[in-house]
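Please open the model in a viewer and keep the sequence panel visible. The tour below proceeds by selection, with a short account of what is to be found at each stop.

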Amino acid sequence: MALFDPKTKVIQGYEKAISDKNLSIKRYYDEIGRLYYGQYKDNNVDVTKDINTRCDSVTKLYRDIEELKHKILFEKGLKLCPSCKTENNLEYAFCFKCGNKFNPESATRVIMEDEITPAPSAPAEEKAEEKPAEEKAEDTAE
Ligand SMILES: [Zn+2]
């Protein structure tokens, strides 16, 4: 049996959420297309409001997906340079590609108002406890 890194599960949950959101975006685009076509066929129909509502939802979904992508990167110990979009190690203070200085806060986890819950079908498992960092209490200066 393979050993699963608990992080892999978290990342899979995020990836699932991203693909779900992409599906929702597709559905909204379908609806927007149909609404627009309805208006094209009948000029008396005003679908602007209906279309705008869906566009707002799509915008929100894209934003959620961006946040999820950042969370996945964070789980992998990476962060995105806001300037050149290059993946950098979380510990880097400067982008190794363009030299952009990272905001120290960018190394912290992005918390969303509505935290994505992992796939509901998955059996609820105890979250693996963080191993306490090995104590390096030995003081060399005596
Ligand atoms: Zn950069």
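**First selection: Phe 94**

Select Phe 94, which counts as exposed because it has 12 C-beta neighbours inside 10 Å. The model is a predicted one. Phe 94 is located in the segment that follows β2 (87-89). Apart from neighbours within four places in sequence, the contacts of Phe 94 are Gly 99, Asn 100, Lys 101 and Phe 102. Now add Cys 81 to the selection: 13 residues separate Cys 81 from Phe 94 in sequence, and the C-alpha to C-alpha separation is 8.7 Å.

**The whole chain**

Zoom out to the entire protein chain and colour it by secondary structure. Two helices and two strands make up its secondary structure, and they follow the pattern α-α-β-β along the sequence. The chain has 142 residues, of which 6% count as buried. Where contacts link residues at least 6 apart in sequence, 43% of them join residues at least 24 apart.

**Helix α1**

Select residues 6-41, which form helix α1. Does the distance between the ends of this helix agree or disagree with the span expected from its 36 residues? At 1.5 Å a residue the helix should span 52 Å, and its end C-alpha atoms are 53 Å apart, so the two values agree.

Within α1, show the side chains of Tyr 14, Ala 17 and Ile 18, which are buried. Part of the cover over the buried residues of α1 comes from α2 (48-75). In general, an α-helix has 3.6 residues a turn, so residues three or four places apart point the same way.

Move next to Leu 35, also in helix α1. Leu 35 is partly exposed because 18 other C-beta atoms lie within 10 Å. Display Val 47, Asp 50 and Ile 51 as well, since Leu 35 touches these residues when those up to four places away in sequence are not counted. Leu 35 and Ile 51 are 16 residues apart along the chain, with their C-alpha atoms separated by 7.1 Å.

**Helix α2**

Select α2, a helix of 28 residues. From first C-alpha to last, α2 reaches 40 Å, close to the 40 Å expected at 1.5 Å a residue. Its buried residues are Leu 68, Lys 71 and Phe 74, and what covers them includes α1 and β1. Just after α2, select Gly 77, which has a positive phi of about 80°.

**The two helices together**

Display α1 and α2 together. Two packed helices are described by the angle between their axes and the distance between the axes. Here the axes of α1 and α2 come within 9 Å and cross at roughly 165°. An angle over 145 degrees counts as roughly antiparallel, and α1 and α2 are therefore roughly antiparallel to each other. The crossing of α1 and α2 is left-handed. Colouring the contact of α1 with α2 by residue class brings out 16 nonpolar, two polar and nine charged residues.

**The loop between the strands**

Finish at Lys 85, in the loop between β1 (78-80) and β2. Is Lys 85 buried or exposed? Lys 85 counts as exposed because it has 10 C-beta neighbours inside 10 Å. Inspect the backbone here: the phi of Lys 85 is near 65°, a positive value in a residue other than glycine.

How values were computed. Residues are numbered from 1 along each chain as its sequence is written. This is a predicted model: local features need pLDDT of at least 70, side-chain atom pairs count only at pLDDT 80 or more; totals for chains, interfaces and linings use all residues. Helices (H or I, at least four residues) and strands (E, at least two) are DSSP runs, numbered from the N terminus. A residue is buried if 20 or more other C-beta atoms lie within 10 Å of its own, exposed if 12 or fewer, and partly exposed in between; C-beta atoms are placed from the backbone. Two residues are in contact if their C-beta atoms, placed from the backbone, lie within 7 Å. The expected span of a helix is 1.5 Å times one less than its number of residues. Axes are lines fitted to C-alpha atoms, for helices over the stretch in contact, and angles run from 0 to 180 degrees between N-to-C directions. Angles under 35 degrees count as roughly parallel, over 145 as roughly antiparallel, 65 to 115 as roughly perpendicular and the rest as oblique. A crossing is left-handed if the near helix is turned anticlockwise from the far one by less than a right angle, and right-handed if clockwise. Ala, Val, Leu, Ile, Met, Phe, Trp, Tyr, Cys and Pro count as nonpolar, Asp, Glu, Lys and Arg as charged, and the others, Gly among them, as polar.
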